[in-house]
Amino acid sequence: MKHSAGERFRYWFDNVMSRGTIALMGLLGLATVALVLLVSGLVWVFRAFPDDAGDGDFIDILWGGLMRTLDPGTMGGDAGWGFRLLMLVITIGGLVIVASLIGIVSGAFDAKVEELRKGRSTVLEHDHTLILGWNPKIHSIIHELSIANQSRRRASVVVLAERDKVEMEDAIRASAGDLGRTSVVCRTGDPKRAADLTLVSPAQARSIIILAPEGSNEPDAEVIKTALALTNDPGRPDGRYHIVGELADPANLEVARLVGRDEAHWVLGSELIARITVQTCRQSGLSVVYSELLDFDGDEIYFTEQPSLVGGSYFDAQLAFADCTAIGLVADGRVLINPAPDTVLGDGDQVVVIAEDDSRISLAEPGTPDLENVADGAVVAMRPERTLVLGVNANLPLMLSELDEYVAPGSQVRIVAPTEPPELPALVNIEATVQHASPTRRSVLEGLDVSGFDHILVLADTSDPDLQRADSRTLVTLLQLRDLSSHGGFTLNIVSEMLDDANRELAEVTQADDFIVSDKLIALLLSQVSENRRLTEVFETLFESEGSEIYLNPVTEYVVPGRPVDFYTVLEAARRRGETAIGYRVAEHAHHGRHGYGVRVNPKKAERITFDPADRVIVLATGRA
C-alpha cells in the first residue's frame, strides 16, 4: 500500500514532536531557516532591494532577514514598499516562531523545576531508616526515630511515597518539630516499582518500614506488593533486609510471611489495638504502660550480658539491678519473658531489661526484700462482668473475641451505636446485645443505667475520614458520662479510644480512666522493631494470648498498704506468684497526664513508697484466674 507524501510527512512530524523539547526547538530552527531562505529568494528574484541600495548581496539579504525574525525593530529603517512588504512577512513569521520558542523553553524550564521538586536524584544516604508509603502514623514514627537517633552523630530518615516531595517535607516539618540530628529526605515515587525503589537506596538502609498508603481501598495488598518489590528485586545485593510492615487484616498474614520470609516482621494493627483496648478496659492504665515501653522518650527495653550473674537465678538477676528492671532472659537464642524465678543463667545468656538508657545498665549490691511487709492477699476469683460499648468500628469483632477469652462465663456486653455493627463472632463466655441509638445523646445514656456496668468502652468511629469530627463525638459522650457520674454520686470505669493524640490532653477533663490512641501505639511499635529486630520476640510474647502479659493488679495482693516499702519487697511478693514486677500505678494521679497518669515503670528499687489500697502493681504474668 502506497502512502501519500502528506501522510508520510505527518507521520515524520508526529515522531519528531514526540521526541521532546530539543526536537521542537530544532523544528522551529528549521522553520526559521526555511522562512528566511524563501523570503530572501523572493527579494533576489524580484530585485526588491531597498530604494537606497543597489543590487544587494544575497548573503547580506539572508543575514538581514534572520535579524528581522529575531528583532522586529530592525525593519524600521527599510525603504521601498516592495522590500518593506517582504520584510514585514519575514518579521511576522519571526514573531510567531520566537513566541513559540519562548513558550517551549518556558514550558521545559517549568517541567524541569517540577521534576527537581519531586526529587528524582538517587539518595546517597547510608545506614538510614527508609519509610515506604505515607499515612498519619508517619509523623509519630519520624518523631520517635529522631529521639532514638539523638546519640548518633548523624542520622537520616528517607521517605518514598506517591505524594509531592515539597508537600511531604512541609507536612513533616509542621508536625514533627525539632528533629535534632536527624535529617529527613523525601522522594516522590511508587514504592511498588523497582525503578523508584532504587532512588532511596534500600540496600544501604539499616531498616525499612512499610506503611499502608493513606486512602487505599486495599491497604494490605499495597504493603505486600511493596515487600515483594523489595525482596524479589533481581538487582538487589547480597544480605538481608530488615523490614517492618503494617497489616490490617490477620487473614493476609500468611501470604505476607511468604513474601517477606525471614526478612520481614509484620505488625497486625487491628489485633494489637483490639487486645490493648480489651485489656485496658478491664485494667485501666495498661495503654500508658505500653506507651512507656514502646516510645524512645524514657525507659526502653535492652539486652545485656552480665558474666558475673552466670550460675545465679533469674530472681538473683532481678535483685542485682538498682536502676533498671529485669524482665526476662535470652537463653540458647530464645527470648524468655518472665521465666521461672529459679531459672539459672548460663554462659552467653543475656538479661532483658527495662532501662532509661543502655549507659545506665549496671549491677549494684543486691537488695534485701522486707519480708514482714509482703502481703498474703489471695487472688480474687473471677465473676461475670457487664461491659457497655458505646459506638462501633471495624475492630469490634476482634475486641469481643479477645474479651471472651478473659471474662468468666455469664458475662454480658451491651453495644449502643446509631449504625449496624459488623458481624459479631461466636462467643462462649459473653452474651452480646445491640441497641440502635446515638451514645452522644443524654437521654440515651440516662436510659442505660450506666452505673450498673463494670466497664464502659467508648469507641471512635474509624470509618469517618475526619478524625477531629470523630474525636469530637467521643468527647461529647465522655462529657455526658462524667456529668452523669458527678450528679449520680457513683464512679464509672471508662476507657476511650481516640484517633488523634493531640486530643488526649483535651479529653483529660472528662476524667476517663484511660485513653487508647490506636495510630500512635502502632507507630511506636513499628519504630521500636525497626531499631532492634530482636525486640520482635519480646513484643510478640507480650501481645500474644499465650505466654506472659502485662497486668495491673491490686497492690493489696503484694504488699501491706500504708507502710513504706522499697521495690525489692515488691519483687519478692511477685516472685512468690511466679510473676515479674516492673512498676506500679498511683491511683491519686490516674487522671493527670503530668504525672504519667500515675504509671511508674522501672522505679528505682531502693526508693521507699507508701502505697494506698487503691494503687496497682504492674507485673508480667502468665494469666489471671
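Visitor: In what order do the four strands of the open sheet run?
Guide: The order is β7-β10-β8-β9, and the pairing is antiparallel. Keep in mind that this is a predicted model.

Visitor: Which strands stand at the edges?
Guide: Those are β7 (300-304) and β9 (334-337). Each has a single partner strand, so one side of each is without a neighbour in the sheet.

Visitor: By how many degrees are neighbouring strands turned against each other?
Guide: On average by 30 degrees, with direction ignored.

Visitor: How many bridges link β7 and β10?
Guide: Five, in the antiparallel sense, with β10 covering residues 350-355. Within that pair, E300 is opposite A355 of β10.

Visitor: Which helix packs on the sheet?
Guide: Helix α18, residues 535-543, which touches β7, β9 and β10. Its direction and that of β9 make an angle of about 40 degrees.

Visitor: Switching to the nonpolar cores. How many residues has the largest one?
Guide: It has 95 residues. Those with the most contacts inside this core are I131, V159, V538, F539 and I550.

Visitor: And which helix gives the most to this core?
Guide: Helix α17, residues 518-531, gives the most, with seven residues.

Visitor: Back to I550, what does I550 touch?
Guide: Leaving out residues up to four places away in sequence, I550 touches Q279, Q283, L286, V289, Y290, L293, L542, I618, V619 and L620.

Visitor: What lies apart from the largest core?
Guide: Another core, of 26 residues, including L130, V185, A205 and A227.

How values were computed:
Residues are numbered from 1 along each chain as its sequence is written. This is a predicted model: local features need pLDDT of at least 70, side-chain atom pairs count only at pLDDT 80 or more; totals for chains, interfaces and linings use all residues. Side-chain values use heavy atoms; hydrogens and water are left out. A nonpolar core is a set of buried Ala, Val, Leu, Ile, Met, Phe, Trp, Tyr and Cys residues joined through side-chain atoms within 4.5 Å. Buried means under 20% relative accessible area, exposed over 50%, partly exposed in between (1.4 Å probe, protein chains only). Helices (H or I, at least four residues) and strands (E, at least two) are DSSP runs, numbered from the N terminus. Contact means heavy atoms within 4.5 Å. Two strands pair if DSSP finds at least two bridges between them. Axes are lines fitted to C-alpha atoms, for helices over the stretch in contact, and angles run from 0 to 180 degrees between N-to-C directions.
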